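This briefing covers selected parts of one protein structure. Please look through the sequence and the 3D view before reading the points below.

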Amino acid sequence: MECPTCQRSITIPEGGVKAIPRNLHLGFEVEVAGCISKFGSDGEKSCDACIDGSTGPAVVFCCTCHHLLCKPCQDHHKRNKILQHHQMVGLDKESLKVLPSIMKPITKRFCSQPDHEKEELEYYCETCQLLTCRDCTLVLHKDHRIDETCNIAKVHRDAMREALVCAQEMTSKLTEAFDANDKMAEQVGTSRENATLIISQAFEQLHQTIEERKKALLSHVEAISLSKTTALALQKEQLMKMQDEIDCYTEMTSLILQTHTDHEMVALGDLLPTELKATLKKIENVSLTPNQSSDIHVSLHKDTRIKDLSIFGDVMDSSPSPSQSTWSSESVAKVNEVYGVKVETMTSKGERYPYGGLQVKAELRPKSHDGAVVPGEVEDHGDGTYNITLTPQTAGPHQLLLTMDGQHVQKSPCDLYVRREYSTLCNPDQVINFSGGVAGIAIHDNGDIYVSCWRDNSIHVFDQAGQQRRTIGSSGSGDGQFRCPRGLFIKGDVMYVADCGNNCIQKLTTGGQFLQKFGQFGSGQGPFNKPFSVIVDHRNSLIIADHSNHRVVILDEAGTWLSTIEDNDHPFKYPYGLALDPQGNIHVAAHGSNCIKVFTPEGTYVRSYGDVIRPSEIVIDEEGYSLVNEFGGNCLSIFDPQGNKVHTVGNLNAPRGVLLNSETGSLYVTNSVGNTVFKFNL
């Protein structure tokens, strides 16, 4: 390291930094010894600060200046701003004992300029980067940036303390790193033992399997050899019998030819030649070649098997890492259609892991409480990649969870929206009958459905199964009474009713308790003329379709008038239904203009879409698809986020209200002719 005093590189001794000789320390010790010697001498002691010592004997010792001071010099110390903080002790024997512990090294030096030798270097020239005395600052360092030496020293001390804190923090981190390193080394040792055991067991099993296969093949060779030799032996035995027969006839024939007379030959006739020919004929029908080949063919596929063994197994310096592993999927998920995901296994070093066998699982969980969890089917390709297929059962927001050996894969869980397939929408799955002229429809968080009935001037509440639970309100103009109620909107436990005949918006609890009323008949700021629908945005502002005033009105939560949407460049007649898209834009079903008009939350016109006949209520799903009731067309038209019609559901009867339950995937449509509510299961 470099010496802070001389800036020379030195070798740190075995004892560390503390073992390095400290010249400043030794010099200070020598100076302390000299002061003690002077301090402890007998008799009066003269003042070190006075020129001639005429002011009297010394009475104190300055532990900072290392000077004996007389009474006037002591007083000067106390009055001087620079010297007043110096520590002084008396000249008694008790002070002598504690002197070594309270003396401070002299850190000030004196000026080297002529006539300034006794001037202390109390200042620092930042321009010249030199210590200087008071007189030099006035002459040699005039107009330079000057500061007191103590201030500069404080800056350096603070920097040193900061560096020391950083060093101590780094030491703590290094200590943790050492512990982590030791722990990792221990874990490496454990991993080595485990890997060695796994490999040893695998190859012992492999060796045992090879030995068993060797015994089986050798046994098969012996069996084939025994079968062949047995067959050859039987063939040889048969041929030897034939040979004996021939030898017998040959010997007899030769003997007869030698010994028999003509008469005996005639008497014998052709009996013997006939029998011999028959024997020869029988031998001709027997194969004289060996009935077995000598082949015992061995097929070991040696080259392939040895090659397989040469690459059997692998050892890697990193393990599969779920947090590093990646996956990709199809861009769109649809209800009842197979959705594919591909997982690629990576190691903790970010390298491809080329083996299979990991426990990869997938689940698709609906965010609603009613939906069922869909498990994924996993196909292991054996090369570190996995194909997963899932079939969503419900539409709406879901969570996709991917795990590997019980740990989440990178970016899991993630949000996945399952799209509804509107093109299959046709006939209702349930029909609920009413008697009071149905209009608006809304849903509570508990699943109860609220329907406004404009003929009997009440709100009917029924459950998901279509069973009526209760009725809210009655005919009249009082609080909580209605005349031709139209649109409904429920937020939390609060219900807003567009009370068309009473020209107001009523605010009630979902239990039916009256809370507040906004508006009366008129056309200025505050009055309404047949409000047909009301919705609430994320700011709790009320957006109201003021039907016969041909405008959309926006109120704050307390009912104070905020603004009006009535664009003269893009006018709409008889606004009916209202809906907010995912961007917060306001969609207005212009009943008299036969289209849907879109405005920003501030009321600026954006666009129009839809060639529809007298549109009534409108609802927009999470993807931006618009479902519009066509009151005059007796149908429900569905538009994509760009405003293109993608599907139409017919056979409706003057439909008014429309409701989409995202959690259950149910669509409700109210038919004012026939007084029915159609329920479609998406």
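The notes that follow deal with the backbone, the nonpolar cores, the open and closed spaces, the cysteines and two residues with their contacts. The model is predicted, and all the values are computed from it. The search for disulfides found zero in the whole structure, and the search for cavities of 30 Å³ or more found one. The largest nonpolar core has 21 residues, and a second, separate core has 15.

**Backbone**

- The peptide bond that joins S412 and P413 is cis, with omega at about 0°.
- P413 belongs to the loop between β15 (407-408) and β16 (414-419).
- K411 is in the loop between β15 and β16 as well.
- The phi angle of K411 is near 65°, which is a positive value in a residue other than glycine.
- K411 counts as exposed because its relative accessible area is 66%, and the cut-off for exposed is over 50%.
- N651 also has a positive phi, near 60°, and is likewise a residue other than glycine.
- The loop that holds N651 runs between β39 (645-649) and β40 (655-661).
- With a relative accessible area of 68%, N651 is exposed.

**Nonpolar cores**

- In soluble globular proteins, nonpolar side chains tend to be buried together.
- Among the 21 residues of the largest nonpolar core, those touching the most other members are V341, V343, L364, I388, L390, L400 and L402.
- At least two residues of this core come from each of β9 (339-344), β10 (360-366), β13 (385-390), β14 and β16.
- A second core of 15 residues is separate from it and includes Y625, I638, F678 and F680.
- Leaving out residues up to four places away in sequence, L390 touches E337, V338, Y339, V341, A362, E363, L364, V374, P375, G376 and L400.

**The second largest pocket**

- The volume of the second largest pocket is about 1,300 Å³.
- Which residues of its lining lie nearest the centre of the second largest pocket? They are I443, F489, V619, L659 and L660, out of 50 lining residues.
- Several strands each give at least two residues to this lining: β14 (396-404), β18 (438-443), β24 (485-491), β28 (531-536), β32 (575-580), β36 (615-620) and β40.
- By class, the lining of the second largest pocket has 22 nonpolar, 18 polar and 10 charged residues.

**The largest cavity**

- Rolling a probe the size of a water molecule over the atoms shows where empty space is left.
- One cavity of 30 Å³ or more turns up in a search of the whole structure.
- The largest cavity has a volume of about 60 Å³.
- Its lining is made of D537, H538, R539, I543, L580, G584, I586 and P601.
- Of the residues lining the largest cavity, four are nonpolar, two polar and two charged.

**Cysteines**

- How many disulfides does a search of the whole structure find? The search finds zero.
- C47 is in no disulfide, and the nearest cysteine sulfur, that of C73, is 3.6 Å away. A disulfide requires the sulfur atoms to be within 2.5 Å, so this pair does not count as one.
- C47 is buried, with a relative accessible area of 6%.
- C453 is in no disulfide either; its nearest cysteine sulfur belongs to C484 and is 11 Å away.
- C453 is buried too, and its relative accessible area is 0%.

**G577 and V673**

- G577 is part of strand β32.
- Is G577 buried or exposed? G577 is buried, because its relative accessible area is 0% and the cut-off for buried is under 20%.
- G577 and H587 are separated by 10 residues in sequence and by 8.2 Å in space, C-alpha to C-alpha.
- Apart from neighbours within four places in sequence, G577 is in contact with S533, H587, V588, A589, S616, E617 and I618.
- V673 sits in the loop between β41 (666-671) and β42 (676-681).
- From V673 to A654 the distance is 19 residues in sequence and 5.8 Å in space, C-alpha to C-alpha.
- Not counting residues up to four places away in sequence, V673 touches N653 and A654.

Technical notes. Residues numbered from 1 in each chain as written. Predicted model: local features only at pLDDT ≥ 70, side-chain atom pairs only at ≥ 80, totals over all residues. Heavy atoms only, no water. Helix = DSSP H or I, 4+ residues; strand = E, 2+ residues; numbered from the N terminus. Buried < 20%, exposed > 50% of the residue type's maximum accessible area, 1.4 Å probe, protein only. 1 Å grid on protein atoms, 1.4 Å probe; cavity = no way out; pocket = protein on both sides within 12 Å on 5 of 7 lines; lining within 4 Å. Points joined across faces, edges and corners; volume = space filled by probe spheres on them. Nonpolar A, V, L, I, M, F, W, Y, C, P; charged D, E, K, R; others polar. Core = buried A, V, L, I, M, F, W, Y, C linked by side-chain atoms within 4.5 Å. Contact = heavy atoms within 4.5 Å.
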